[in-house]
Amino acid sequence: MANLNDFDLEGHLNNNNNNYMVQSQIPSVALPSNIDTDKEQIMSVVSTLVSRGINITETYSDYLNTGFALADGMGEEGRTLFHDLSSMSSKYNAAECDKQYNHCLRSHGSGITIKTLFHMAKNAGVDISEVAREAIRKCAVCADAQPCANTEEEHNSLIINKRNNSTQECASAHLAQTAQNSVDLSFRHTFSDKIPTEDWCGFMKPILDSMTDFEGKDKMVLGAMNVLSGAIPNYYSVYGGHVIFPPFYQIFYGPAACRKGEIRACLELIKPLKLEIRRQYEYELEHAQQEHAEWESRGGKGKAAAERGPEPKEPEFRSPIIAANSSASAAYLALKANGGWGVMFETEADVITQSLLSDYGDYSTGLRSAYHHEPITLNRVKDKLHIEIEEPRLAVGVTCTPGQLPKLFPSFENGLGSRFMFYGLNRKVEWLNPFLNIDKPLDEVYEEQGKQFLDLFHEMSALGERRIQFMLTDEQKAQFNGFFSELLMEQFSMLGDGISSFVFRLGLSTFRMAMILALLRRFSDWDRQEPLFAPEEQAIACSDKDFHIAMAIVNCLVNHTAIIYSSLATNEDNPLNKQIAKMSQPEQVFFKALPDEYTSKQAAKVAKSHDINTDTARRYLSAFVNTYKVSVRVKNGCYAKVINKDFQTGK
């Protein structure tokens, strides 16, 4: 197979594109001699690497060199940057990362300087000169900047000392640009502090009590509802004229050291259910194996079918947890084995990202369909595989770092990103006493709640073909419609049309949260003397307390969603990004990983780092020029991305 390094697109590309303006035409700027040691530039380089999802710490030597380089250029201040860069690797471990940085600080780099980081970034496709020029422009702006007019929000504003703008501009116009230049976004809104403790149902109170801070309470409440939403049978409602079920999609977004790992304890809520299903499967498997042994004793396949009877089949493996680190076909088979329901809860977004990329859109299509309970159909002629799930009911929960999110959603155009609710977590630079006396470990608290949930699962399963409908009161419907109508106009005016789909689906997810809260309250108040639902009962009404809790949660989440959307969304209304949106997800990831100017050799390195084989990379590169027209040939073996202005001016 030919090496991509030796491949020139010359013979495959349209040579009539030279009238495009390309990134290489940026005028040169004389840089200060000491710019390569400026901390502003170091942070800008790291921010660029993280925002583009570029992993420079995959190998152990690169991991060490990055740590030594940051220790040289930033000292202790470089620790958080080291976490940000390291967290993009699948091998990342926060504790080991801290330990390694301590070693780097003590070793004084062993001759490695900050220039090593710049060299690594340049090799990865980052234009260091442009980053330096941007650092100079920032300094020039800051020198003349006035304090933000909104002094009450001064310490929390993303805009402070970035631009000399009015309060209105701080709130909207430059949000995306500022957020894109930030390694860590700041999330100030919480909801658990807005809800009286006594308003929560009894089932949720131990979950709230398991955390001491409001952000911690928020994340565990959302994680718990997310996990439980995928395991509630025979419960439905009608929304927008369609039958809907409780499962919703949730993303927890935050840098290293924000304690995302605690959310995994929420899986303990369905551990008792998982163990029960596992025991049932093992019983069925043992019984099937005994039947098969008897079948073999009758002559097995050596006798005619009429004599030996049909060969006994093993039962399908079942679990409420759908593994994310599997192919689309494997995930769909697991979902089908459960009867269409399940929970996909993954603490590393890269696992889902790799699955999305490896299945050429099948995974993404299935996730989008499952959100609305639309049928999932998969046919693989080669494997003689046919899967059809009529009414999928899948809950999806993901925790991710800033570097992982752009790879998970290269574009919001296909609608997968807008199906998720977002909650942002802040870095916590504090030492937690590991020797505190606690009544119960976190996992044990949640497993005990899981034993209670198992009773709820049994009660709902016992309904058989009967389903319980969730309903809002007329007054609640009016409040719901009024809130989201105003929210849609507000967000549209600030962030444009792209945010609209997020608001529409945020409404559906909020409705689903109210469904879950109402059922948990009914279960919490149940005296167990009678069935959970009377024989003639067909519906459950939402209490005002649960409705207001759901609305308080969404009032918080819309702020988090807007910040994260602004930090990721490019202007998808312009023609260039519409062209990018036409690409498959693997093409988008490859294109965005390429530098603004690239050679065939550089493209080969990028392809290798993304596990893209030579033939596929060659096809992608040709499509960028000929099909999508988002790149142009500069000279033999050298190419450049087209900038937005070319499409806007029609040149």
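This is a short tour of three helix pairs and one pocket in a predicted model.

**Stop 1: α1 and α2**

Start by selecting residues 39–51, which form helix α1, and residues 60–74, which form helix α2. Their axes come within 10 Å and cross at roughly 150°. With the antiparallel class beginning over 145 degrees, that crossing makes α1 roughly antiparallel to α2. Turn the view until one helix lies over the other, and you have a left-handed crossing.

Now show side chains. On the α1 side, pick K39, I42, M43 and V46; what they meet in α2 is L70, G73 and M74. By class, this contact has five nonpolar residues, one polar and one charged.

**Stop 2: α1 and α3**

Keep α1 on screen and add α3, residues 79–86. How do the axes of α1 and α3 cross? They come within 10 Å, at an angle of roughly 20°. Angles under 35 degrees count as roughly parallel, and α1 and α3 are therefore roughly parallel to each other. The crossing is left-handed here too.

For the contact itself, select I42, M43, V46, L49 and V50 in α1, then L81, D84 and L85 in α3. Colour by class and you'll get seven nonpolar residues, no polar ones and one charged. Notice that I42, M43 and V46 turn up in the α2 contact as well as in the α3 contact.

**Stop 3: α18 and α20**

Jump along the chain to α18 (residues 474–495) and α20 (residues 544–568). The axes of this pair are 12 Å apart, and the packing angle is about 10°, so α18 and α20 are roughly parallel to each other.

There is a long list to select. From α18, take Q476, Q479, F480, F483, F484, L487, Q491 and L495. Their partners in α20 are D544, F547, H548, M551, V554, N555, V558, A562, Y565 and S566. By class, the contact of α18 with α20 has 11 nonpolar, six polar and one charged residues.

**Stop 4: the second largest pocket**

Finish by centring the view on C258, R259, E262, E430 and L432, the lining residues that lie nearest the centre of the second largest pocket. How many residues line this pocket? The lining has 46 of them, around about 1600 Å³ of space.

To see which elements take part, highlight α3 again, along with α4 (94–107), α9 (205–209), β7 (393–400) and α17 (442–461); each gives two or more residues to the lining. A last recolouring by class splits the pocket lining into 19 nonpolar, 12 polar and 15 charged residues.

Technical notes: Residues are numbered from 1 along each chain as its sequence is written. This is a predicted model: local features need pLDDT of at least 70, side-chain atom pairs count only at pLDDT 80 or more; totals for chains, interfaces and linings use all residues. Side-chain values use heavy atoms; hydrogens and water are left out. On a 1 Å grid over the protein atoms alone, a cavity is a set of points where a 1.4 Å probe fits but cannot get out, and a pocket is an open set with protein on both sides within 12 Å along at least five of seven lines; lining residues have an atom within 4 Å of a point. Grid points are joined across faces, edges and corners, and a volume is the space filled by probe spheres set on the points. Helices (H or I, at least four residues) and strands (E, at least two) are DSSP runs, numbered from the N terminus. Ala, Val, Leu, Ile, Met, Phe, Trp, Tyr, Cys and Pro count as nonpolar, Asp, Glu, Lys and Arg as charged, and the others, Gly among them, as polar. Axes are lines fitted to C-alpha atoms, for helices over the stretch in contact, and angles run from 0 to 180 degrees between N-to-C directions. Angles under 35 degrees count as roughly parallel, over 145 as roughly antiparallel, 65 to 115 as roughly perpendicular and the rest as oblique. A crossing is left-handed if the near helix is turned anticlockwise from the far one by less than a right angle, and right-handed if clockwise. Contact means heavy atoms within 4.5 Å.
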